[in-house]
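Colleague: Hi! Could you walk me through this model in plain words?
Modeller: Happy to, just ask away.

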Amino acid sequence: MQSAPLPKTHDVVLVGGGHCHALVLRRWGMRPLPGARLTLIDPGATAAYSGMLPGHVAGHYDRDTLDIDLIRLARFAAARIVLGAAHHIDLARREVLVAGRPPIGFDLCSVDVGITSDMPDLPGFAQHAVPAKPLGPFAARWDRFLAQGGGDAAVIGAGVAGAELAMAMAHRLRATRQRGTVTLIDSARALSEPGARARRTILSRMRQLDIALVEQADISRITPEHIELDDGRRIPSRFTTGAAGARAYRWIADTGLDLHQGFISVRPTLQSSDPAIFAVGDCAHMRDTPRPKAGVYAVRQAPVLYDNLVASLTGGRLRTYRPQKNYLKLISLGRKQAVGERFGLTFSGALMWRWKDHIDRKFMDRFRNLPRMPAPDLPALHTTGLREVLGDKPLCGGCGAKVGREALRGALAPHAGTLRDDITPLPGDDAALLHVGGARLVLTSDHLRAFSNDPVVMTRIAAIHALGDIWAMGAAPQAATTSLILPRLSPDLQRRTLAEITATANETLRAAGAEIVGGHTTIGDEMTIGFTITGLCDRDPITLAGARAGDALILTKPLGIGVLMAAEMAGRAKGRWIAAALDHMTRPQGDAARVLADAHAMTDVTGFGLAGHLLGMCEASGLGVRLGIDAIPMLDGAPELADCGIRSTLFPQNRALVPDLPEGGRADLLFDPQTAGGLLAAVAPDGADALVAALRDQGHDAARIGVLTGGPVRITPEGV
């Protein structure tokens, strides 16, 4: 008997994608704990590595070099990733709260959210400045500042971190020949942390870069163009950042955990006052062995945290973390030089930069070069053709896991027609048309094999995907039933998972105007989420057969979902591409359907790809189409991945539907299966541009992509 996947029994939740948690995820991927379900919560798809931030500001590293890809790392660890900011931990209910989604339950939780250098009490800071930490938003604002022409800049806080940033900024402005002076401001004496020799080296380099140093000065307020000091001086600055000190996030104070100056106080085992809550990195205060805030401690906490999480769930003995007393401090000097200090000795120059660069790149390589975990071998004895059916890549989720169009049509063809006079057959259309009393209803059913470990994301996508059939026929969603297959879970995890799914389903469907009236749930090997939905028509439904020669074709969402999801499963997609794709899949189309209410024909683009669904419209209407391939919107990353040969498992069958279309480049994405894809509408040509503008005003990436022509039925490409 083939063994089923082992059930999950405990939830481990990592709050924050800091360096320690990133290393724990990597180790978890190599040594997963059977029975544990791992979740990472972080606001972004990537986490900036602090050691390389000054180099990025100075122009030595691009943004991709700076970032740890959390989505790719979570896939490697088979972890769920929740893209959102935690704002509370409920110790009594054992839940983490994230805005915009149901609570996330846990058995063990670890916090690694870093620190902030925000200055909420300084007038004007929130409106006109950016804290240096968290690093991601700071790096984005700096890049935008440079793209807009640069100018005067200022750093508040003349410690080592502030001086390092000021030198990097001044070097970058010089290297790009942008005008602007950098000013470093502090209310006390500058650079009090390093030794005398290191301090002299840094001050000398600052003078070479013409950095203005303002010490013993208090700031009264910040404006868009300058900083006002208490003594009346005005420091010109169009880019102001704060690097003065380290502050804990305010929400931590409301958790009820023991704190030290706002930071979570932890024992040598990295546990807080609640043994189920661990804390690491800069947001933690080591109660017995206090140390300054430095990334080196977070890195060395990672193996201890991993071992202690495992021990807590297996009845093992917890390890003690013993931080080192001294470490090599490497400070960038703007250009490719650095000063190093340890045990009272100081070294500086290009050699120190090369050593720092080597250390930083070696650390980041641990996340870029994730080891490939071998796939299980086939049994020695197996049927002929089994290897070919399995293929050389895992089965896609979402619409990439659908049965091909021709196989489906062949199975349904012998059963066409109806014996009932209250059902109007609409062969090949999105939903069936029912007549109930004097009302007209459309009925559809759809489900998705999960491609994300997050049941909230999958529920939202599955609901919007199923609603697409109702919207495409111009109907108003009315009622829904759910169909769930859950993987094997302990009773507690079943309860948590069902709570997340039902809350999300109700929210998504009610926002569309529908009510859930029932459903069915079973246990299986993997998560599958589906909905059967009815919709009310107050006039004749929009079908595939109504298109007219000369109609313009409008598409409301970009293509590329299948390619991106296939690449993500293979660890070859950038996290920001996947985050953008998820945003598109979770974007409802009800408002778009209302804009397109007078379309002559409409469908939603899903599993058979744009070409397959367009072919269905052409066949039903007896028309051809001239398709402007260059006009079709594409998701970020999809064309690059397609050029690399990344394909969804349904691609070959979709490609066979329209063999005359060209191959390669953007044309391949015509056959890419879409999940919760856009609406494809045939509209009167004279109003098409106004409809596209209205759709874009509502936030849809809509485009006019072609024109329908008189027969024969064929798709003629343009712009290849």
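Colleague: In which sense do strand S27 and S30 pair, and over how many bridges?
Modeller: Strand S27 (residues 439–449) pairs with S30 in the antiparallel sense, over 10 bridges. Strands here are DSSP runs of E with at least two residues, helices are runs of H or I with at least four, and both are numbered from the N terminus. Two strands pair if DSSP finds at least two bridges between them. One caution early on: this is a predicted model, where local features need pLDDT of at least 70 and side-chain atom pairs count only at pLDDT 80 or more, while totals for chains, interfaces and linings use all residues. Residues are numbered from 1 along each chain as its sequence is written, and side-chain values use heavy atoms, with hydrogens and water left out.

Colleague: Which residue in S30 is the bridge partner of leucine 441?
Modeller: That is leucine 536. S30 also pairs with strand S28 (residues 476–487), again antiparallel, over 9 bridges. There, leucine 484 has isoleucine 529 of S30 as its bridge partner.

Colleague: How many residues of S30 are buried?
Modeller: Strand S30 spans residues 528–537, and 8 of its 10 residues are buried, so that strand is mostly covered. Buried means under 20% relative accessible area, exposed means over 50%, and partly exposed is in between (1.4 Å probe, protein chains only).

Colleague: New topic: how many aromatic pairs are there?
Modeller: A search of the whole structure finds 10. Rings of Phe, Tyr and Trp (its six-membered ring) pair if their centres lie within 6.5 Å; planes under 30 degrees apart are stacked, over 60 edge-to-face, and the rest tilted.

Colleague: Why is the pair of tyrosine 297 and tyrosine 327 called edge-to-face?
Modeller: Because their ring planes stand at 80 degrees, with the centres 5.6 Å apart. Tyrosine 297 lies in helix H9 (residues 295–314) and tyrosine 327 in the loop between H9 and strand S22 (329–333), so the pair ties together parts that are 30 residues apart in sequence.

Colleague: Are those two tyrosines, 297 and 327, buried or exposed?
Modeller: Tyrosine 297 and tyrosine 327 are both buried. The charged end of lysine 329 also sits over the ring of tyrosine 327, 4.8 Å from its centre. For that, NZ of Lys or CZ of Arg must be within 6 Å of the ring centre and within 35 degrees of the ring normal.

Colleague: Where do phenylalanine 363 and phenylalanine 367 lie?
Modeller: Both are in helix H10 (residues 350–368), 4 residues apart, which is about one turn of the helix. Their rings form an edge-to-face pair, 5.3 Å centre to centre with 75 degrees between the planes. Phenylalanine 363 is buried at a relative accessible area of 7%, and phenylalanine 367 is buried at 6%.

Colleague: And which residues do ring pairs link into a cluster?
Modeller: Phe138, Trp142, Phe145 and Phe239.

Colleague: Zooming out, how many helices and strands are in the chain?
Modeller: The chain has 21 helices and 36 strands. Of its 720 residues, 53% count as buried.

Colleague: Last one: what does leucine 641 touch?
Modeller: Not counting residues up to four places away in sequence, leucine 641 touches several residues, including Val563, Leu564 and Trp577. A contact means heavy atoms within 4.5 Å. Leucine 641 belongs to helix H19 (residues 638–643) and is buried, at 5% relative accessibility.
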